[in-house]
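Open the model in your viewer and keep the selection tool at hand. The stops below go from one selection to the next.

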Amino acid sequence: MRVIGKGMVTAMLALLATGCSSTTATRKQASLASSQVVQLVNQIVQSAVVALGNLQPVGGTVASGFVAPRAMRGPVTFQVSTAFSCEQGGEIQVSGTVAGNVDDATGTGTLTVDATETLASFHRTIEGTEMIVDGALQLTGNFVVLSGTPATSQSAALEGELAISAAPSGSGACSINLSFNFSTETAVATVTGTACGYTIVL
């Protein structure tokens with residue numbers, strides 16, 4: 001297993017560059033350089049963090065930037081529903097729920113993240129390699145609430161397999177198994193796990 005690390009991942013929509021087309025999945029491992037995998041992982045994790053920062057209370061308004069529209073108490077359910085259009089074509093969509101119970105007296109609780117991050121003909125050129133990525137990753141985690149508001153430190157995980165068409169290096173599969181911690185104040189994440197045959201430490 002190859003090990004790579006390249007600093008922290010920032011969740012900024014401005015960095016969500018690029019695009020789309022169609023691709024055919026294969027079981028052969030996609031042949032990508034470590035620096036290319038780092039950028040792909042950044043994109044995937046950024047999308048998840050941004051989506052978790054825009055929770056939509058069921059029957060309510062958007063809780064933008066990790067700020068709840070009201071103090072959370074009792075049974076609560078939030079929708080995760082954020083789509084990113086890619087400049088080169090295609091999209092990344094994150095959808096699902098964050099739900100659980102928050103203590104009425106203390107405002108403390110742990111909500112369960114149950115969502116999917118889908119890359120649909122996501123088209124991006126990284127270091128001269130044109131990539132078209134398709135697939136769905138399970139987004140899971142525990143969303144901690146303290147005093148009725150999201151805790152500053154949260155954790156989640158992404159797991160699944162992507163199909164990558166990459167010219168000129170060729171097409172293949174990319175297995176993703178990532179855990180990440182992120183700040184609700186700065187939207188900065190640290191990431192560990194595996195992606196496309198590399199061990200990730202970011």
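**Stop 1: an aromatic pair**

In this predicted model, the count of aromatic pairs comes to one, where rings of Phe, Tyr and Trp (its six-membered ring) pair if their centres lie within 6.5 Å. Select Phe-180 and Phe-182: the ring centres are 5.9 Å apart and the planes stand at 35°, so the pair is tilted. Planes under 30 degrees apart would count as stacked, over 60 as edge-to-face, and the rest are tilted.

Now colour by accessibility. Phe-180 counts as buried because its relative accessibility is 1%, and Phe-182 counts as buried at 3%. Buried means under 20% relative accessible area, exposed over 50%, and partly exposed in between (1.4 Å probe, protein chains only).

**Stop 2: the nonpolar core**

Keep Phe-180 and add Ile-164: these two touch the most other members of the largest nonpolar core, which has 54 residues. Next select helix H1, residues 34-52, which gives the most to this core, with 11 residues. A nonpolar core here is a set of buried Ala, Val, Leu, Ile, Met, Phe, Trp, Tyr and Cys residues joined through side-chain atoms within 4.5 Å. Helices (H or I, at least four residues) and strands (E, at least two) are DSSP runs, numbered from the N terminus.

**Stop 3: three strands**

Select strand S10 (residues 153-167) and strand S11 (residues 172-183), which pair in the antiparallel sense over 12 bridges. Two strands pair if DSSP finds at least two bridges between them. To see one bridge, pick Ala-157 and its partner in S11, Ser-179.

Then add strand S12 (residues 188-195), which runs antiparallel to S11 and is joined to it by seven bridges. Here Asn-177 stands opposite Thr-194 in S12. The hairpin of S11 and S12 has four residues between the strands, and Ala-187 in this hairpin takes a positive phi near 60°.

**Stop 4: two loop residues**

Most residues other than glycine have a negative phi. Which phi does Glu-127 have? Glu-127 is not a glycine, yet its phi is positive, about 55°. Find Glu-127 in the loop between strand S7 (109-126) and strand S8 (129-146); at 49% relative accessibility, Glu-127 counts as partly exposed.

Move on to Ser-147, in the loop between S8 and strand S9 (149-150). Ser-147 has a positive phi of about 55° and is exposed, with a relative accessible area of 56%.

**Reading notes**

Residues are numbered from 1 along each chain as its sequence is written, and side-chain values use heavy atoms, with hydrogens and water left out. Local features need pLDDT of at least 70 and side-chain atom pairs count only at pLDDT 80 or more, while totals for chains, interfaces and linings use all residues.
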